[in-house]
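Work through the exercises below with the structure open. Each task is followed by a stepwise solution.

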Amino acid sequence: MSKPIPATLIPGDGIGPEIVDATLAALDALKAPFEWDRQIAGLGGVTAEGDPLPKATLDSIRRTRLALKGPLETPSGGGYRSSNVRLREEFQLYANLRPARTIIPGGRFDKIDLVVVRENLEGLYIGHEHYVPINGDPHAVAMATGVNTRQGSRRLLEYAFEHAVTTGRKKVTIVHKANIMKALTGIFLETGLDLYESRYKGKFEIETVIIDACAMKLVLNPWQFDMLVTTNLFGDILSDLVAGLVGGLGMAPGANIGADAAIFEAVHGSAPDIAGKGIANPIALMLAAAMMLDHVQMPDLATRLRTAIDATLNLDKVRTGDLGGTGNTASFTKALVSRIVNG
Ligand code: NAI
């Protein structure tokens, strides 16, 4: 028996509890040794305790330094600040790793194997915004400040370049908009090129591309890319685009990594339009759980989980509606668990 690994579990909002239950069923079938401490956040936190990020949740992650998290709802426009952003800040989870790999062959884009590494703490995402009222219009002007630092860019780029080397990536593309935001994204580009020249030259190929051209190239020929590394907002947008190349948000996992803590989640949100219907695709969160298993040095279990997902989709042909199937969360999970247990 492996030693129990304490970990925080946040079921989250909307479809969160449904996909978290499905993922726990898979992890139980694998006999993954996580010792879960269940906590709340997001809308669930507001409803239960009047706080989208209750102290008990923060204390739990302070203790475990490891969490699996369902999506958390954030109101648009007004309302409370994103609990996801606050969690990333609190635990200095500076790297957001979002791999996208084709699991179901024969789609519009086949054989995709890409990873987006997104800076997770800086840029326009910091939410330093305000309105300027003019002539009685309280929202006459809206302003936002973006902040990128040399140090913040460097540690993210170092993480990305190290990840490229250890996972055998052949090419890293730095995505920027330094032609227009010369300082804000120029610092990221400059830091990346300096770091490559000084420490990584020859270990992989480097290229740079402007975000708008990158979006077009990803749709025309995504196979030209291997790893994309970029600032916070661009990474947010590109990782959804890349998820679309492999079948949509239901297939896209993410890891938020810091120096001494990590939180694993799906790229997608709480999907309020389908919450409670039992039709959500749990694969994105399951793939995040596989990343979590890799993170705790249990690559065999991670591989078993990924292999079982592959077999359930392609051999058993059990698929949820977003993948064009007639299955639901429960039927997919049942077939997956059977694959894990029986091979
Ligand atoms: P969303 O990702 O929740 O949904 C976008 C579309 O994809 C919807 O049509 C939804 O039904 C579909 N979808 C998403 N996940 C799916 C799954 N597993 N299976 C099948 N279909 C799926 O994005 P939306 O609607 O913009 O955001 C809803 C809420 O989620 C917002 O409050 C937002 O702030 C929050 N959010 C939270 C995130 C997190 O916790 N990491 C990330 C993104 C959004």
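The model is predicted.

**Exercise 1. Are Glu265 and Lys69 buried or exposed, and what joins their side chains?**

Step 1. Check burial. Glu265 and Lys69 are both buried. The cut-off for that label is under 20% relative accessible area.

Step 2. Check the contact. The side chains of Lys69 and Glu265 form a salt bridge, with N and O 2.8 Å apart.

Step 3. Place the partners. Lys69 sits in strand β3 (residues 66-69) and Glu265 in strand β12 (residues 262-266), so the bridge ties together parts 196 residues apart in sequence.

**Exercise 2. Find which residue forms a salt bridge with Glu190, and place both partners.**

Step 1. Find the partner. Glu190 pairs with Arg150, and their closest N and O atoms are 2.8 Å apart.

Step 2. Locate the two ends. Arg150 belongs to helix α5 (residues 150-166) and Glu190 to helix α6 (residues 186-200). The pair links distant parts of the chain, 40 residues apart.

Step 3. Assess accessibility. Glu190 has a relative accessible area of 37%, which is partly exposed. Arg150, at 40%, is also partly exposed.

**Exercise 3. Which residues join Arg62 and Glu90 in one salt-bridge network?**

Step 1. List the members. Lys55, Asp59, Arg62 and Glu90 form one network through salt bridges that share partners.

Step 2. Take one bridge from it. Arg62 meets Glu90 with the closest N and O atoms 2.9 Å apart.

Step 3. Map that bridge. Arg62 is in helix α3 (residues 55-64) and Glu90 in helix α4 (residues 83-90), so the bridge ties together parts 28 residues apart in sequence.

Step 4. Check exposure. Arg62 is partly exposed at 37% relative accessible area. Glu90 is partly exposed at 38%.

Step 5. Set the count. The whole structure holds 19 salt bridges.

**Exercise 4. Describe how helices α7 and α8 pack, by angle and by residue class.**

Step 1. Read the geometry. The axes of α7 (residues 211-220) and α8 (residues 232-245) come within 10 Å and cross at roughly 5 degrees.

Step 2. Classify the angle. Angles under 35 degrees count as roughly parallel, so α7 is roughly parallel to α8.

Step 3. Name the contacts. From α7 come Ile211, Cys214, Ala215, Leu218 and Val219. They meet Phe234, Leu238, Leu241, Val242 and Leu245 of α8.

Step 4. Sort by class. The contact of α7 with α8 has ten nonpolar residues, no polar ones and no charged ones.

How values were computed:
Residues numbered from 1 in each chain as written. Predicted model: local features only at pLDDT ≥ 70, side-chain atom pairs only at ≥ 80, totals over all residues. Heavy atoms only, no water. Salt bridge = Lys/Arg side-chain N within 4 Å of Asp/Glu carboxyl O. Helix = DSSP H or I, 4+ residues; strand = E, 2+ residues; numbered from the N terminus. Buried < 20%, exposed > 50% of the residue type's maximum accessible area, 1.4 Å probe, protein only. Axes fitted to C-alpha atoms, helices over the stretch in contact; angles between N-to-C directions. Parallel < 35°, antiparallel > 145°, perpendicular 65-115°, else oblique. Contact = heavy atoms within 4.5 Å. Nonpolar A, V, L, I, M, F, W, Y, C, P; charged D, E, K, R; others polar.
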